[in-house]
Protein chains: 2
Amino acid sequence: MKKVQEHASHGGMQEVWQHHSHTLGCDMRFGIYLPPHAVHAQCPVLYWLSGLTCTEQNFITKAGAQRYAAEHGVIVVAPDTSPRGVAVADAEGYDLGQGAGFYLNATQAPWAENYRMHDYVERELPDLVEAHFSASNRRSISGHSMGGHGALVLALRNPGRYHSVSAFSPIVAPMQVPWGEKAFIAYLGDDRDAWRQWDACELVRAAADSANKLPLLVDQGEADEFLDTQLRPELLEAACRQSAHPFTLRRRAGYDHSYYFIASFIGEHVAYHAAALADR
Amino acid sequence: MKKVQEHASHGGMQEVWQHHSHTLGCDMRFGIYLPPHAVHAQCPVLYWLSGLTCTEQNFITKAGAQRYAAEHGVIVVAPDTSPRGVAVADAEGYDLGQGAGFYLNATQAPWAENYRMHDYVERELPDLVEAHFSASNRRSISGHSMGGHGALVLALRNPGRYHSVSAFSPIVAPMQVPWGEKAFIAYLGDDRDAWRQWDACELVRAAADSANKLPLLVDQGEADEFLDTQLRPELLEAACRQSAHPFTLRRRAGYDHSYYFIASFIGEHVAYHAAALADR
């Protein structure tokens with residue numbers, strides 16, 4: 001593992017590391033913000049999953065989360081959005097292939113060989129982070145758009161693994177929207193039953209009888225250009241109501257799908273996760 | 001003048017506008033952040049001048065100033081760093097021509113025709129902003145690197161025009177460093193006497209007998225890769241000492257030349273300017 005970037009930031013360090021991922025079969029980069037507290041003590045970790053077209057750079061340059069992570073003593077880890085490299089399958093279009101891993105484990109050729117972002121984010125990345133940095137095993141997860149889908153799905157699929165989950169403008173029902181359908185047909189094949197384990201609405205319904213439901217927090221801009229076609233938060237709201245799953249949806253008048261929206265409310269999300277991560 | 005971008009941000013609006021500049025003879029873009037206060041009342045304006053290679057986008061996407069501008073009720077205007085367009089002179093290299101206007105008025109061919117960034121920032125842009133937005137005529141100015149040079153020079157050349165000035169990692173003595181010498185030879189010609197009016201250290205010395213000296217505030221990262229070759233804040237420190245010019249230099253251990261540095265301290269700068277701009 002090698003450090004490819006480092007910048008002092010809000011009293012801590014914003015770093016980017018590169019390593020060979022055995023899960024994905026390629027070299028990967030991730031951003032990690034180490035708050036001042038991490039010099040002296042183990043800190044809990046917030047995982048951030050970015051949206052379509054992003055790399056590990058977008059969140060660390062545009063969201064302004066470092067200030068809040070420094071304030072609360074939380075490490076923030078931001079991986080890339082897919083496997084990468086000339087040997088990794090890709091497709092025309094921004095919404096499939098590299099930059100569009102959808103945080104699932106693909107089963108179909110040519111994707112199955114590398115596209116295992118779920119296992120990478122859920123297991124390999126935390127193992128690395130907890131072995132090489134001053135990180136505790138207390139984890140939370142958040143993300144934006146495709147990454148909001150990823151955060152919700154990872155938290156719902158892995159009960160007990162995350163202390164809290166939140167999302168900005170998430171794709172909540174990939175089985176019912178164009179971005180999700182295109183990706184699921186390619187990565188998972190035609191059997192729609194196999195899709196259910198990667199759809200937040202379906203996972204909420206499947207866990208209706210669970211005793212221990214992790215609350216879901218979603219912020220959604222009402223001027224989001226993808227609101228009615230790709231995001232449709234009302235579908236998750238309905239699923240949560242039917243399944244008595246704790247759900248908070250904050251509709252924000254005037255806000256769009258951009259990082260300006262994320263930057264405006266990331267402080268509230270970091271505070272939310274920090275409270276859940278506090279070892280009390 | 002037309003709006004080319006708008007995003008809700010921290011309760012206000014981050015917009016980008018395009019207009020034809022009569023000073024520069026080309027179309028120009030600038031970012032403007034309108035805090036929530038601007039809906040109901042005129043707000044003072046902080047002008048931000050960016051560094052080499054930047055457009056109007058860098059500061060508005062990476063610095064995170066909107067949060068503080070919203071808090072203090074300050075409008076923030078971020079122009080491009082040079083005239084632009086296929087009809088505008090340009091050069092090989094990132095440090096001359098488009099993206100590298102140095103906030104001066106060029107006198108030499110082929111630059112003299114369009115490169116009048118001093119007059120644009122000092123006069124045309126505020127006239128536009130104060131005519132079209134809820135902006136008062138109370139102005140402050142700040143910037144980074146080449147833009148820090150620009151902020152210092154504009155404030156020193158135009159006494160009374162700005163309520164406060166600050167800079168991050170500024171080029172303080174362009175006559176004595178490679179970036180400045182290359183630009184001044186091209187834009188101003190070989191007569192080094194003509195350079196003095198565009199060099200902060202020389203302007204401080206020339207105003208030694210002035211009764212009304214605007215304090216200069218500079219933040220400088222000690223891990224800045226350009227510190228000893230291009231920036232050399234000790235030269236401005238010495239000039240201010242000799243001329244009894246109020247000067248605060250904050251050396252920040254570990255910080256580099258990037259936007260991570262700016263983002264870490266922009267809150268303190270916005271608060272500093274807001275206090276100076278307050279109509280008391």
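These questions and answers go through how the terms used for this predicted model are justified.

This is a predicted model, in which local features need pLDDT of at least 70 and side-chain atom pairs count only at pLDDT 80 or more, while totals for chains, interfaces and linings use all residues. Residues are numbered from 1 along each chain as its sequence is written, chains are lettered from A in the order in which they are written, and side-chain values use heavy atoms, without hydrogens and water.

Q: What makes the relation of chain B to chain A that of a two-fold axis?
A: Copies are superposed by least squares on the C-alpha atoms of residues with pLDDT of at least 70 in both. A rotation of 180° with 0.0 Å of shift along its axis puts chain B on chain A, with an RMSD of 0.0 Å. That is therefore the relation of a two-fold axis.

Q: How do you know that the copies meet through the same surface?
A: Contact means heavy atoms within 4.5 Å. 21 residues of chain B are in contact with 22 residues of chain A. Of the interface residues of chain B, 100% are also interface residues in chain A, so the surface is the same.

Q: Why is B:Asp95 called buried?
A: Buried means under 20% relative accessible area, exposed means over 50%, and partly exposed lies in between (1.4 Å probe, protein chains only). B:Asp95 has 11%, so this residue is buried.

Q: Why is B:Lys182 called buried, partly exposed or exposed?
A: Its relative accessibility is 36%, so B:Lys182 counts as partly exposed.

Q: What makes B:Lys182 and B:Asp95 a salt bridge?
A: The term asks for a side-chain nitrogen of Lys or Arg within 4 Å of a carboxyl oxygen of Asp or Glu. The closest N and O atoms of B:Lys182 and B:Asp95 are 2.7 Å apart, so by this definition the pair qualifies.

Q: How do you know which buried residues of α5(B) share a side?
A: Helices are DSSP runs of H or I with at least four residues, numbered from the N terminus. Helix α5 of chain B spans residues 178-188, and its buried residues include B:Trp179, B:Ala183 and B:Tyr187. The buried residues cover an arc of only 170° around the axis, so they lie on the same side of α5(B). The arc is that of the directions from the helix axis to the C-beta atoms. These buried residues pack against α4 (146-157) and α7 (227-231) of chain B.

Notes. Helices (H or I, at least four residues) and strands (E, at least two) are DSSP runs, numbered from the N terminus.
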